[in-house]
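Here's a quick briefing to go with the model. Have the viewer open while you read, and take the topics one at a time.

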Amino acid sequence: MAKTEHTPLRDDALEEMFRAARAEAPEPSDSLMARIMADAEAEIAARAEAAHPVRTPRPGLWAALVAAIGGWPALASMATAAVAGVWLGFGATEGVDALAGGILIGDTGTATVSYEFEDLLPGYEGFAALETETD
Amino acid sequence: MTKGYVTRVMAMAFDAQTEVSDEALLVAYGNGDREAAAMLTARLAPRVLGFAARMLGGDRAEAEDVTQEAMLRLWKVAPDWRQGEAKVSTWLYRVSANLCTDRLRKRRSVDIDAIPEPEDGRPEVAEAMMQGARAQALEDALAQLPDRQRAAVTLRHLEGRTNPEIAEVLEISVEAVESLTARGKRALAAILAGRREELGYGED
């Protein structure tokens, strides 16, 4: 057991020293805790100020629909189509021929030959028959 | 009842929320929850202070400054905290370690005598409580280690962190952590050998 001053401390002794140091760990003072909490409060306040009125409204159903169709240009095309439809519906049936470039009316020279609007809608009579049947 | 009011209140708060993770509290604070900040402070400030005090050779005032600064950085990062990326405590130890390193570097370039000398041969040590004496002796010995060794040994043996966690804190490999702690412990054992008698290890 020839030990000298320079023999290092044994592991278990060192472990005991660590335990002692752990037990003696410094405890934060109240003033430190208060300073840290003051910082936390100040950060909340600063964030609230920085972030305030930049509220972007959530896109509504209408906006979502427009976006799905393809935006405003698509919507304009659809409006044009709708107006054209209304015009076709109320306009003279001769107008349909004009629109079709004369292919609906045979090139017979008799300008009096005309088609009724029903002639251009193949299913129409069917519906009419159905209506009379149920009557 | 010598403990301060804030410490007592925070200890109560601590009891009530041990199961809530640091990360959940940090996210809550990021959304403006003050109570979450109080709980985080109760949980983390003592750890940061303990670590910083050891890193800075027992300078209490400076360790408190580091603790406040590290916690402030945590408050600032809270709204942008990326969940699951790092443990809050690991992040905080890393910030603290860097703050301590900066201060130690400045201290060395300004005033080389500011590092407390190990107090040797104090006559009252034998009568003092052995635990206090040992804790003080260990702290003195730690102060003589190189910064990285001190950080690794403190985190491993005083803060009870795992090697992978320490590796993340110090931004080195796990193997490097193992080597640092092993060398640190050897150095401590050698430093403390000379004080064995006053520490109650005279028979060894």
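**Patch and interface at a glance**

Met78(A) sits in helix 4 of chain A. Keep in mind that this is a predicted model. Met78(A) is also one of the residues in a nonpolar surface patch, so let's start there and then move on to where chain A meets chain B.

**The nonpolar patch on chain A**

- Joining Met78(A) in the patch are Trp62(A), Leu65(A), Ile69(A) and Trp72(A), and together the five expose about 580 Å² of accessible area.
- Two helices of chain A, helix 3 (61-69) and helix 4 (72-90), each put at least two residues into the patch.
- Helix 3 of chain A is the top contributor, with three residues.

**How chains A and B meet**

- Chain A brings 36 residues to the contact, while chain B brings 50 residues.
- Putting the two chains together buries about 4100 Å², and carbon and sulfur atoms account for 61% of that area.
- In terms of polar contacts, 19 residue pairs turn up across the interface of chain A and chain B, counting pairs with both residues at pLDDT 80 or more.
- On chain A's side, the elements that give two or more residues are helix 1 (11-23) and helix 2 (30-50).
- Helix 2 of chain A has the largest share of that side, at twelve residues.
- By residue class, chain A's side of the interface splits into 18 nonpolar, four polar and 14 charged.

**Salt bridges**

- Over all chains, the whole structure has 21 salt bridges.
- Across the interface of chain A and chain B there are five salt bridges.
- Which residue of chain A does Lys76(B) pair with in a salt bridge? The partner is Glu43(A), with the closest N and O atoms 2.7 Å apart.
- That pair joins two chains, because Lys76(B) belongs to helix 4 (residues 60-77) of chain B and Glu43(A) to helix 2 of chain A.
- Arg134(B) makes a salt bridge too, with Glu16(A), and here the closest N and O atoms are 3.6 Å apart.

Conventions: Residues are numbered from 1 along each chain as its sequence is written. Chains are lettered from A and ligands numbered from 1 in the order in which they are written. This is a predicted model: local features need pLDDT of at least 70, side-chain atom pairs count only at pLDDT 80 or more; totals for chains, interfaces and linings use all residues. Side-chain values use heavy atoms; hydrogens and water are left out. Contact means heavy atoms within 4.5 Å. Buried area is the accessible area (1.4 Å probe) that two parts lose on being put together, summed over both. A salt bridge is a side-chain nitrogen of Lys or Arg within 4 Å of a carboxyl oxygen of Asp or Glu. A polar contact is a pair of N or O atoms within 3.5 Å; within protein, one must be able to donate a hydrogen and the other to accept it, and residues adjacent in sequence count only if both atoms are side-chain atoms. Helices (H or I, at least four residues) and strands (E, at least two) are DSSP runs, numbered from the N terminus. Ala, Val, Leu, Ile, Met, Phe, Trp, Tyr, Cys and Pro count as nonpolar, Asp, Glu, Lys and Arg as charged, and the others, Gly among them, as polar. Patches are made of residues with over 30% relative accessible area and no salt bridge: like charges are joined within 9 Å, nonpolar side chains (Val, Leu, Ile, Met, Phe, Trp, Tyr) within 5 Å. Accessible areas come from the Shrake-Rupley method with a 1.4 Å probe; for residues, only the protein chains shown count as cover.
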